[in-house]
Amino acid sequence: MPLGPFDKRRKQSRCEFCSKTHRKCTGLQPCSECLKRALPCSYADKKATGRDVIRIDAGIHSNAADFASWRPRHPAGNPSPVGQPALPYGSLLVLFDRFAARNNFIGKGRNAFASQLKAVSSLSSHPYVLDAILAIGAIQGTKEMPIDDKRRQRFQFCAIHYYTEAVAKMGRQLAVVPKVTIGSEKESFIWTTMLLGLFELAAETTSDGWVKHMVHGTSRALESAGMSLHDTKSGRALFSHVRLFEVCRTILFNESTFLTRPEWISLSKVAWTSDSTAERCCLGDILDIMVASSALRTRASKMVSSDLTQLTIHDILAAQDIAQAGFDIRQMLFRWHIAYAELEPDDHSDDDANTITSQSANENALLSQLFHAAVSIYLSGVFDYETSFWSYLDIPTPILEEATINGYVQQLLDLSTAGLDNSSLSPLLFLIPLRIAGARARNKLDCEQIGRLLGKIRRTFAIASAIQSDLEHVWWRKGLLDMDFEFV
């Protein structure tokens, strides 16, 4: 299948996993590499037409998404291979509930994600939200079945069918009404693009489709919606989810984000403090720091690419300002740690009456501590990967000592292990921390532990294969692994 509606690649002889990871591919279905790793094996064999169909705001926001590039092989009334009965909505909704229960994205309530989506779907006059929910339910069904189970084909077909139905219906709606203006429909559209991005992460081994959904769909729609999104409780819940994904995207790909604009920073503070709980402000504050670190990384990357022999006084002053901003963020991290140290995750209470509340708070604290350790290393990396540049200019930078970084790496591994084994937090939330920890792996044991943790994430989200492949190349270059080493 193509990488969502944005795929413009020509036909390939290798499957998408082998193409992404530069492996030899047998060309079979599945190929030997995907079969060995129990991964979904797919080939991109459709050409995009290149038409611009999505327009969040006519004349302002547009992208190269092509909703007409792919259509289901069977009519909407029979989303099943020929000769087999269609899967009932009820079964797919149960599977979606199961997916939602195992994927708490913001550490608030176990059922908040599913409840919010069902409410939006019931209020929407357009069915693309329900189609996206059913697509997630179907892909969850394929994850729960053995790879040789014949029923997987039906679930795979349904997943593809409902995915493309959601994409096509959004395209038709936006072709008629280019600007999403009505409150419930605005929220429905943003939720749907986010769900389609989740589908890509669950079904595909590259991040291309997810990034394009986020950049050209969810994020652009959020920008277009503007401040009015916070007029309703459901809008604030939506923003909380989208914000976290946008922060993860900008950290993972070192790209800028609209969240750094003053009006969105103010809105972020309102979104979290309106919940009036220390735990939720705890996560909101660390997300603010992550956004600031990402913006600093963008500035620093442009600066270090300059020719040292051609720097002007203005350039040197700008470099000093970047370094000072790094120290300011380091101070923010220190103050955050002092303010929220008492919220460190601990064992759940045995009191049944407090189990749900204590677990929710514990998961929020775990997620916050996880991101704190990750962004602490990330901030150091803004400068310590280019130490020669800053040393040449004799500018001090907020670089951490190796022992401190190693301590944070161990904390990331411990928290990720606890979170993946004992919490309802989505495995997706551990990808960036593990990617950051992997870049700082100290020995083969670290590599093996990170590989095992990524394997747990891969059971739900195929994108973990791409992260692991990237890290394997890093580890091979650092001499931590032999070239013929393979993770089980």
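Guide: Buried means under 20% relative accessible area. With that cut-off in hand, we can look at this predicted model together.

Visitor: Let's start with a histidine, then. Why is His 372 called buried?

Guide: The relative accessible area of His 372 is 4%, and the limit for a buried residue is under 20%, so His 372 counts as buried. This histidine is found in helix H13.

Visitor: What makes Ile 286 and Tyr 408 contacts of His 372?

Guide: A contact needs heavy atoms within 4.5 Å. Leaving aside neighbours within four places in sequence, His 372 is in contact with Ile 286, Leu 333, Trp 336, His 337 and Tyr 408. Leu 412 also belongs in this part of the picture: its C-alpha atom is separated from that of His 372 by 9.4 Å, with the two positions 40 residues apart along the chain.

Visitor: Tyr 408 and Leu 412 bring us to H15. How do you know that the length of helix H15 agrees with expectation?

Guide: Helix H15 covers residues 402-422, 21 residues, which at 1.5 Å a residue should span 30 Å. The end C-alpha atoms are 30 Å apart, so the two values agree.

Visitor: Which residues of H15 are buried?

Guide: Among them are Ile 405, Tyr 408, Val 409, Leu 412, Leu 413 and Leu 415. Ser 416, Gly 419 and Leu 420 are buried in H15 too. As a general point, an α-helix has 3.6 residues a turn, so residues three or four places apart point the same way.

Visitor: What makes Asp 394 an exposed residue?

Guide: Exposed means over 50% relative accessible area. Asp 394 has 67%, so this aspartate counts as exposed. Asp 394 sits in the loop between helix H14 (387-392) and H15, and its phi is near 55°, a positive value in a residue other than glycine.

Visitor: And why is Glu 386 called partly exposed?

Guide: Partly exposed lies between the 20% and 50% limits. Glu 386 comes out at 35% relative accessibility, so partly exposed is the right term. Glu 386 is placed in the loop between H13 and H14. Its C-alpha atom is separated by 9.5 Å from that of Ala 300, 86 residues away along the chain.

Visitor: Why does Gln 331 get the label partly exposed?

Guide: The reasoning runs along similar lines. Gln 331 has a relative accessible area of 37%, so it counts as partly exposed. Gln 331 lies in helix H12 (residues 313-340), and 9.7 Å separates its C-alpha atom from that of Pro 398, 67 residues apart along the chain.

Visitor: Let's move to H5. How do you know that helix H5 is largely enclosed by the rest of the structure?

Guide: Of the 17 residues of H5, 14 are buried, so the helix is largely enclosed by the rest of the structure. Helix H5 runs over residues 128-144 and reaches 25 Å from its first C-alpha to its last, close to the 24 Å expected.

Visitor: Why is Gln 140 called buried?

Guide: Gln 140 has a relative accessible area of 5%, set against a limit of under 20%, so this glutamine is buried. Gln 140 is found in helix H5 and touches Leu 95, Phe 99 and Arg 102, not counting residues up to four places away in sequence.

Visitor: What makes Phe 96 a buried residue?

Guide: Its relative accessible area is 0%, so Phe 96 is buried. Phe 96 belongs to helix H3 (residues 89-101). The C-alpha atoms of Phe 96 and Leu 134 are separated by 7.0 Å, though the two are 38 residues apart along the chain.

Visitor: Now a pocket. What makes a residue part of the lining of the second largest pocket?

Guide: A lining residue has an atom within 4 Å of a pocket point. The second largest pocket has 29 lining residues, of which Ile 251, Leu 252, Phe 253, Arg 435 and Ile 436 lie nearest its centre. Helices H9 (233-253), H13 (355-384), H16 (431-439) and H18 (464-478) each give two or more residues to this lining, with H9 giving the largest share, six. By class, the lining has 21 nonpolar, three polar and five charged residues. The space in this pocket is about 640 Å³.

Visitor: To finish, how many helices and strands does the chain have, and how much of the chain counts as buried?

Guide: The chain has 18 helices and zero strands, and 55% of its 488 residues count as buried.

Definitions and conventions. Residues numbered from 1 in each chain as written. Predicted model: local features only at pLDDT ≥ 70, side-chain atom pairs only at ≥ 80, totals over all residues. Heavy atoms only, no water. Helix = DSSP H or I, 4+ residues; strand = E, 2+ residues; numbered from the N terminus. Buried < 20%, exposed > 50% of the residue type's maximum accessible area, 1.4 Å probe, protein only. Expected span 1.5 Å × (residues − 1). 1 Å grid on protein atoms, 1.4 Å probe; cavity = no way out; pocket = protein on both sides within 12 Å on 5 of 7 lines; lining within 4 Å. Points joined across faces, edges and corners; volume = space filled by probe spheres on them. Nonpolar A, V, L, I, M, F, W, Y, C, P; charged D, E, K, R; others polar.
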